[in-house]
Amino acid sequence: MDPRRLLVLLAVEEAGSLTGAAARLGTTQQAVSQQVTRLEAEAGTALLVREGRGSSLTEAGRVLAARAEELSEVLRAAAEDLAALSGLVRGEVSLAAFPTASAVVLPRALAALAARAPGLSVRLTEAEPPEAEAAVREGRVSLALVFRYARDDEPVPGDLLRVPLGSHPVHAVVPAGERPAAHLADLAGRPWIAGCPRCRAHLVRCAAAAGFTPDVRLETDDHVAVQHLVAAGLGVALLPSWALRASTVPGVVHAPAAGLDARVVELLLRPESQRVPAVRALASEVQRVVAEVDGTAPGA
């Protein structure tokens, strides 16, 4: 049976006549009569008895009308669920982000979103850019906050929407008591501490442009550990300003150095995700906080 005809039958019961049902449904009495007739054919029995200007349901009609009332409640609940999601009353959105973004940007962005939509649940996964991009492409997360370096090859256009959010400088980090390096070439011949593969590739590329090959002795992705190793005199390092904003340990000094290109931050999502209110809301908050952190927001 066509569920839409069940709802027509329910309207007839509630209105007490075909004419009244037509008025409720915004259609004609003839259209209501045709729908009831077709429903009777589907049910194989009479559902309606016409009595003068009114109508009453048979026992079979009352049974179906009761089921139609249940169907109406289900549809009403579905509409409320959709309205709740559209209005960000509740729902879920997932995000992958690199570690320094998790420390500098996301606490403020997620707190603002929680105040705006307390019923909205956000799932965060920490991941470096290649893994985060794969997670978006495979549908494991809705959004990814990623970075690349300004002089890296431009990303090849693909199936994902890439939204530039801003950029921030990379600093040379040396032990306290030293003068911060004015140029990367000033650190040639020093032992180095390197991080993730993308960060190490950036160091090697910039060092080659400055005329030397870095002697990488130690490797760690932990920016706090990097600073402690530098403070202990075990080497020098490059760290993005966001990492130093998140935490600067005693015993190091740092400054931007000539010869280093900035870190570019981008948001990745599938194009169809832009239609999802929760995804749009999270993307908006992330974009706002990145602009504030990088000093590009109005009044920043």
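Begin with the largest nonpolar core of this predicted model, which holds 48 residues. Select Val 105, Leu 143, Leu 145, Trp 192, Leu 238, Trp 242 and Val 286, the members that touch the most others in that core. Next, colour helix H11, residues 277–293; with nine residues, this helix contributes the largest share of the core.

Centre the view on Leu 238. Leaving aside neighbours within four places in sequence, Leu 238 is in contact with Val 170, His 171, Ala 172, Leu 184, Trp 192, His 202, Leu 203 and Leu 260. A further core, of 18 residues, lies apart from the largest one; among its members are Leu 10, Ala 11, Leu 18 and Leu 47.

Move now to Leu 57, in strand S2 (residues 54–57). Is Leu 57 buried or exposed? Its relative accessibility is 9%, and because the cut-off for burial is under 20%, Leu 57 counts as buried. Display the residues around Leu 57: not counting those up to four places away in sequence, the residue touches Leu 9, Val 12, Glu 13, Leu 47, Leu 48, Arg 62 and Ala 65. For one of these, Leu 47, draw a distance between C-alpha atoms: the separation from Leu 57 is 5.7 Å, although the two residues are 10 apart along the chain.

Turn next to the charged side chains, among which 22 salt bridges are counted. Select Glu 285 and Arg 116, whose side chains meet in a salt bridge at 3.7 Å, N to O. This pair links distant parts of the chain, since Glu 285 belongs to helix H11 and Arg 116 to helix H6 (residues 106–116), 169 residues apart. Glu 285 is buried, at 9% relative accessibility, whereas Arg 116 is partly exposed, at 47%.

Select Glu 178 and Arg 190 for another salt bridge, in which the closest N and O atoms are 2.8 Å apart. Both residues are located in the loop between strand S7 (170–175) and strand S8 (191–194), with their positions 12 residues apart in the numbering. Glu 178 is partly exposed, with a relative accessible area of 30%, and Arg 190 is likewise partly exposed, at 25%.

Proceed to Arg 200 and Glu 219, where the salt bridge is 2.3 Å, N to O. Arg 200 is in helix H8 (residues 197–210) and Glu 219 is in strand S9 (residues 215–219), 19 residues apart. Arg 200 is partly exposed, with a relative accessible area of 29%; Glu 219 is exposed, at 54%. Then select Glu 133, Arg 137, Arg 148, Asp 159, Arg 162 and Glu 266 together, which are linked in a network of salt bridges.

For the cysteines, select Cys 196 and Cys 199. Cys 196 is buried at 5% relative accessibility, and Cys 199 is buried at 19%. How many disulfides does the model contain? The count is zero.

Finally, zoom out to the whole chain, which has 11 helices and 12 strands. Its radius of gyration is 31 Å, well over the 19 Å that the globule rule gives for 300 residues, so the chain is more spread out than a compact globule. The C-alpha trace spans about 105 × 35 × 30 Å along its principal axes. Of the 300 residues, 41% are buried. With a surface display switched on, the chain exposes about 15100 Å², of which carbon and sulfur atoms supply 53%.

How values were computed
Residues are numbered from 1 along each chain as its sequence is written. This is a predicted model: local features need pLDDT of at least 70, side-chain atom pairs count only at pLDDT 80 or more; totals for chains, interfaces and linings use all residues. Side-chain values use heavy atoms; hydrogens and water are left out. A disulfide is a pair of cysteine sulfur atoms within 2.5 Å. Buried means under 20% relative accessible area, exposed over 50%, partly exposed in between (1.4 Å probe, protein chains only). A nonpolar core is a set of buried Ala, Val, Leu, Ile, Met, Phe, Trp, Tyr and Cys residues joined through side-chain atoms within 4.5 Å. Helices (H or I, at least four residues) and strands (E, at least two) are DSSP runs, numbered from the N terminus. Contact means heavy atoms within 4.5 Å. The radius of gyration is taken over C-alpha atoms; the globule rule is 2.2 Å times the number of residues to the power 0.38. Accessible areas come from the Shrake-Rupley method with a 1.4 Å probe; for residues, only the protein chains shown count as cover. A salt bridge is a side-chain nitrogen of Lys or Arg within 4 Å of a carboxyl oxygen of Asp or Glu.
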